[in-house]
Every structure is written in C-alpha cells, then in structure tokens.
Amino acid sequence: MPVVHPDNRKYRYNFIYDNCATRPYQLIISAYDYKVSLNYDLHQTSYRDIINRYVPIGSLLNTGINLIIGSHADKFITTKESVAFPMYTMDALTHTRHITKDGLNPIVKQQEVMHNAERKNLEINQFIYYISIIIPLLLALLCGFYTYKKKRYVPYFTQLILFTSGLVGMVICYLWFFSHHPLVDDNMNILWCNPLNIILAILLFIHKKSLRMTKFILSITSLILSIIFLILLVISIQSTTAQIFSIWVLLLTICCTIVYTYKRKGKKLLHRTHKK
C-alpha cells in the first residue's frame, strides 16, 4: 500500500486557482517538465463571464454567486487561467505542445468520448428572467409613489429590505476578510449591501425624536454609498447582472424615501421651533 506523505493528505481547495480542473492540468504539464507551449488565444473573457455562461443568469444561484464574487472576477484572464473550468481545460490541453529538439509536438494525440451525456438546457425561462428584473423595479416605483402620497417611507417593507441587504453585506464582509478565496475579495457590492443597513432597519422601529438625526445620517450614508457603486459600474471597476441592478434600484429608492421622510420631519421641527 503506497504511503501518503503528510503534506499531501489534504490541501486548501480554491474555487479558481487550485481545483479539480487545475490539478490534472498541472500534473500533465509537469510530466513534460513544463517544457510546453500553449498556442491558443482565448477570446477576451473573465471569470464572471464564464460563470454566467454556465450558471443561468436570472437564477437564484447565479444571483447569489454574482453577489459574493468581487471585482477580481471581472479582469480579463489568460488561457492558462481559464483551465479552472473543465471545458476550457480540454481546449487548453488540445492546443498544448511539447517543446522538443524536433519542434513542437501535440500532447493530445487522440480524443475519445467515453460517455456522451444528454446536455441540460442552461437557459432560464424567459418569463422568470424578465419577472426577476421587473418585480424589484415595480416595487421601487410603488415605494416612490407611496412616499409621494403619504410623505413618508413604506413601513415594515423598508425595514425588511434594509435588514436583508445588511445580512448580505455581513456575508460579503466575512468572505472578503476571512475567506481564503481570492475571487471574493474587493467586492464592491458591499457599498450598497452594507451592514449599516441592519442598524438603520432596527432604528426605524424606534420612534424617538432624538434618533431622527441618526436615522437621517445613516440613510444619507447608504444613499451615497449606493451612488458610488453605480459610478464603479459605469467605469467598469466591477460588473453585475440585470437582476442585481434592479434590486440595487429598489434599495436606492428606499434610501431616498427615508432621507425624504426625515428631512421633511426635520424641516417641520425647525419650523415649529422658529414659531415658538
């Protein structure tokens, strides 16, 4: 029975840089003493593009992944970096050549399909796709209309959205600062899904005049951070999906309704003070 060296008994799995596709590729080229040439130009793509290609955009899984991966996922990758995904590993090996005295020899001599599995449809239902975009936008419109009519934010729903976005922000913070997966670092979603929203959501349930300024400042902060996120999208620091963008619009609208509510209350309080 072969003896396993203690250092090789386990390793830290890395979703992109050290996974079940990169390991075989490294083992194969190491068998050639790394004297290989990869003659394959990959079309400009990023890790996020590849993920969105194989995980249907609009699905809950795709939305979750795009929320937790950061700006590193949007950088254009090389062919060698693309081997993190099995289909790209196959393409890379097919175009890899062994450097010898006689020239470049292909390391893949022949390809054989061992099992031709039925391909699953990777496309999400178009109705679900558009509904997932429209519903948050429609809710944002209703929140704006409610505030216009009632001169205040929508109770309970506002706290629910803020609290949920804050929880997502906590997950993003944990992954960014405590996880060992590089692809979740520098995640700009933290700007609009920020943990401060949890505090704001809780404070909105406490109806004390002394807390009005605190609520106003927190809502202004969330609003400014959300706008900064939009700027980063425009200058291509990080990209997102249409579904996440529509949720961002909803949260931005909610922040605006809170700012309007407490700015209006502050003006009323100031007006009464002047009258006295």
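**Exercise 1.** Which side chain meets that of Arg48 in a salt bridge, and what is the N to O distance?

*Solution.* A quick word before we start: this is a predicted model.
- Step 1. The partner is Asp74, and the N to O distance is 2.7 Å.
- Step 2. Next, place both ends. Arg48 belongs to helix H2, while Asp74 sits in the loop between helix H3 (60-68) and helix H4 (86-94), so the bridge ties together parts that are 26 residues apart in sequence.
- Step 3. Finally, check the surroundings: Arg48 and Asp74 are both buried.

**Exercise 2.** Find how many salt bridges the structure holds, and look at the pair Arg23 and Asp18.

*Solution.*
- Step 1. The structure has two salt bridges.
- Step 2. Arg23 and Asp18 join their side chains in a salt bridge, at 2.7 Å from N to O.
- Step 3. Arg23 has a relative accessible area of 37%, making this residue partly exposed. Asp18, at 21%, is partly exposed too.

**Exercise 3.** Work out why Cys193 forms no disulfide with Cys173.

*Solution.*
- Step 1. Recall that a disulfide is a covalent bond between the sulfur atoms of two cysteines.
- Step 2. Two sulfurs must lie within 2.5 Å to count.
- Step 3. For Cys193, the closest cysteine sulfur is in Cys173, 10 Å away, which is too far for a bond.
- Step 4. A search of the whole structure agrees, finding zero disulfides.
- Step 5. As for its setting, Cys193 is buried, with a relative accessible area of 2%.

**Exercise 4.** Describe the largest nonpolar core and say which helix gives the largest share of it.

*Solution.*
- Step 1. This core has 35 residues, and those with the most contacts inside it include Leu162, Trp192 and Phe229.
- Step 2. The elements giving two or more residues to this core are helices H5 (126-150), H6 (157-178), H7 (196-203), H8 (212-234) and H9 (242-275).
- Step 3. H9 provides the largest share, with 11 residues.
- Step 4. Now zoom in on Leu162: beyond its neighbours within four places in sequence, its contacts include Asn197, Leu204, Leu251 and Ile258.
- Step 5. A second, separate core has 13 residues, among them Ile16 and Phe85.

**Exercise 5.** Is Ile134 buried or partly exposed, and which surface patch does this residue help to make?

*Solution.*
- Step 1. Ile134 lies in helix H5.
- Step 2. Its relative accessibility is 46%, so Ile134 counts as partly exposed.
- Step 3. Ile134 helps to make a nonpolar surface patch of about 670 Å², along with Tyr130, Ile135, Leu138, Leu139, Leu141 and Leu142.

Technical notes:
Residues are numbered from 1 along each chain as its sequence is written. This is a predicted model: local features need pLDDT of at least 70, side-chain atom pairs count only at pLDDT 80 or more; totals for chains, interfaces and linings use all residues. Side-chain values use heavy atoms; hydrogens and water are left out. Buried means under 20% relative accessible area, exposed over 50%, partly exposed in between (1.4 Å probe, protein chains only). A nonpolar core is a set of buried Ala, Val, Leu, Ile, Met, Phe, Trp, Tyr and Cys residues joined through side-chain atoms within 4.5 Å. Helices (H or I, at least four residues) and strands (E, at least two) are DSSP runs, numbered from the N terminus. Contact means heavy atoms within 4.5 Å. Patches are made of residues with over 30% relative accessible area and no salt bridge: like charges are joined within 9 Å, nonpolar side chains (Val, Leu, Ile, Met, Phe, Trp, Tyr) within 5 Å. Accessible areas come from the Shrake-Rupley method with a 1.4 Å probe; for residues, only the protein chains shown count as cover. A salt bridge is a side-chain nitrogen of Lys or Arg within 4 Å of a carboxyl oxygen of Asp or Glu.
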